[in-house]
Amino acid sequence: MELFDVYSLFDVTPVRAEACTIWDDKGQEYLDLYGGHAVISVGHSHPAYVAALKEQLERIGFYSNSVRNPLQEELAHRLGEMSGYPDYSLFLDNSGAESNENAMKLASFHTGKDRIIAFRRSFHGRTSGAVAVTDNPTIVSPFNANHKVSFCDLNDAEAVEAVLKGGDVAGVIVEGIQGCGGIHVPTPEFLKALSELCDRYGACLILDEVQSGYGRSGKFFAHQWAGIRPDVISMGKGIANGFPCGGILISPKFKAVKGMLGTTFGGNYLAMAAANAVLDIISSEKLVENAYEVGEYLKSRIPASDRIAEVRGRGLMLGIEFNEPVAEIRKKLLFDEHIFTGVAGKNMVRLLAPLCLSRAEADIFIASLAKVLAQ
Ligand code: PLP
């Protein structure tokens with residue numbers, strides 16, 4: 001059997017990794033500034049993380065949500081404290097898309113309405129509802145297109161209000177920082193306006209922090225730069241450092257009803273051991289602070305070049321927008337300089353390094369980029 005061929009892959013086979021370094025099957029070392037779509041938060045194969053997973057697997061590995069799981073309660077308590085949302089509740093699932101599905105379902109249950117407002121250049125995942133609120137026509141099937149969604153421009157609060165006036169809106173979903181659509185940062189004024197408008201019109205504000213959350217922007221969640229408190233916050237990617245895990249933080253205004261949400265694998269023991277280890281390491285190694293400090297350092301040192309149009313983002317969620325397609329630049333960075341980067345659209349190099357990136361590693365990238373730009 002062949003693999004279903006839907007990914008454009010570089011011909012590199014990683015076999016070992018540590019912190020921000022990856023080795024391939026030929027022994028070549030790489031600097032990882034992408035973390036496999038931003039999932040590596042505390043660094044590859046962190047010893048405390050590996051130990052926590054091994055120890056958990058030896059005790060009890062898998063079980064469904066039919067009996068009490070104290071690891072979930074531990075995560076809920078610690079996540080509440082560390083994120084600044086101790087009064088919210090936690091529902092655990094398996095991925096970012098699933099978190100957004102659950103967030104939109106909650107908004108719809110709560111309001112009794114069925115329209116969602118989303119934004120141009122958004123990305124929310126690959127499940128049916130998540131695709132419907134994603135602004136990328138190439139991934140929308142006729143099935144997805146049947147959902148009721150209104151797209152507005154990011155940072156255009158008037159357009160959002162015009163849709164809210166229709167009276168059928170369950171929720172507004174917005175990324176803390178738009179990732180796959182090209183690192184667009186909503187202004188704090190816009191996020192504040194969204195929050196006020198949602199309150200005024202009785203809609204739920206859903207913050208998709210799947211990519212921008214868990215410390216990546218230099219605050220626990222990127223929306224905290226605007227000082228707002230959304231109704232639902234969706235999480236994924238870095239929450240368990242690559243172990244599949246997702247979840248939503250839910251405001252106290254939502255009433256839980258038995259059976260309203262559910263999952264077989266969400267919150268399983270291994271995912272919880274991984275997620276609790278991630279919080280331990282983020283806290284003991286001050287990785288949120290590091291993401292901000294090293295990210296801003298990196299951003300300020302991107303070489304000036306007339307080939308670069310703009311550098312956008314916060315902390316370790318950065319996009320370098322070029323005036324030309326970046327495919328060749330990324331190939332040179334990977335095969336000549338041995339640095340993994342990501343992409344957004346055709347012209348942007350997207351950097352989503354593990355949160356433990358050091359200044360010295362940032363310097364390596366800066367020197368390599370300068371070299372590639374000079375060619
Ligand atoms: N939301 C955002 C902002 C994302 O960037 C992604 C994935 O890239 C998702 C949701 C979907 O997450 P997953 O692939 O874990 O379903």
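Student: How many salt bridges does a search of the whole structure find?
Tutor: Good place to start, and keep in mind that this is a predicted model. Side chains of opposite charge can pair when their charged atoms come close. A search through the whole structure gives a total of 18 salt bridges.

Student: Which residue forms a salt bridge with Asp280, and where do the two partners sit?
Tutor: Asp280 lies in helix α9 (residues 269–284), while its partner lies in helix α3 (residues 70–83). The pair links distant parts of the chain, 202 residues apart. The closest N and O atoms are 2.3 Å apart, and the partner of Asp280 is Arg78.

Student: Into which domains is the protein divided, and what distance separates their centres?
Tutor: Domain 1 covers 14–46 + 286–373, and domain 2 covers 48–284. Their contact takes 29 residues from domain 1 and 30 residues from domain 2. Taken over C-alpha atoms, the centres of domain 1 and domain 2 are separated by 25 Å.

Student: What area do domain 1 and domain 2 bury between them?
Tutor: The size of an interface is often given as the accessible area lost when the parts come together. Here, 62% of the buried area is on carbon and sulfur atoms. Between them, domain 1 and domain 2 bury about 2500 Å².

Student: Which three residues supply more of the area that domain 1 buries against domain 2 than any other three?
Tutor: Together these residues supply 29% of the area that domain 1 buries against domain 2. They are His46, Arg314 and Met317.
Two of these names will come back when we look at strand pairing: Arg314 stands opposite Met317 in β12.

Student: How many residue pairs are in polar contact between domain 1 and domain 2?
Tutor: Let us take the salt bridges beforehand: between domain 1 and domain 2 their count is zero. For polar contact, with both residues at pLDDT 80 or more, the count is 17 residue pairs.

Student: Which element supplies the largest share of the side of domain 1 that touches domain 2?
Tutor: The elements that each supply at least two residues of that side are α1 (35–38), α10 (287–300), β11, β12 and β15. The largest share is four residues, and it comes from α10.

Student: Which strands stand at the edges of the open sheet with the order β11-β12-β15-β14?
Tutor: This sheet has four strands, and the pairing is antiparallel. Neighbouring strands are turned by 25 degrees against each other on average, direction ignored. A strand at the edge has a single partner strand, so one side of it is left without a neighbour in the sheet; this applies to β11 (308–314) and β14 (342–344).

Student: Which residue in the turn of the hairpin formed by β11 and β12 has a positive phi?
Tutor: β11 and β12 run antiparallel and are joined by six bridges. Two residues lie between the strands of this hairpin. The residue in the turn with a positive phi, about 55 degrees, is Gly315.

Student: What is the bridge partner of Leu318 in β15?
Tutor: Strand β12 (residues 317–322) runs antiparallel to strand β15 (residues 348–351), and four bridges join them. Helix α12 (residues 359–374) lies across β11, β12 and β15, at about 10 degrees to β12. In β15, the bridge partner of Leu318 is Leu351.

Student: Which residue in β3 stands opposite Ile22?
Tutor: For this one we turn to an open sheet of four strands with mixed pairing, in the order β1-β2-β3-β13. Within this sheet, three bridges join β2 (residues 21–24) to β3 (residues 29–32), and these strands run antiparallel. Opposite Ile22, in β3, stands Tyr30.

How values were computed: Residues are numbered from 1 along each chain as its sequence is written. This is a predicted model: local features need pLDDT of at least 70, side-chain atom pairs count only at pLDDT 80 or more; totals for chains, interfaces and linings use all residues. Side-chain values use heavy atoms; hydrogens and water are left out. Two strands pair if DSSP finds at least two bridges between them. Axes are lines fitted to C-alpha atoms, for helices over the stretch in contact, and angles run from 0 to 180 degrees between N-to-C directions. Contact means heavy atoms within 4.5 Å. Domain bounds come from an automatic or database domain assignment. Buried area is the accessible area (1.4 Å probe) that two parts lose on being put together, summed over both. A salt bridge is a side-chain nitrogen of Lys or Arg within 4 Å of a carboxyl oxygen of Asp or Glu. A polar contact is a pair of N or O atoms within 3.5 Å; within protein, one must be able to donate a hydrogen and the other to accept it, and residues adjacent in sequence count only if both atoms are side-chain atoms.
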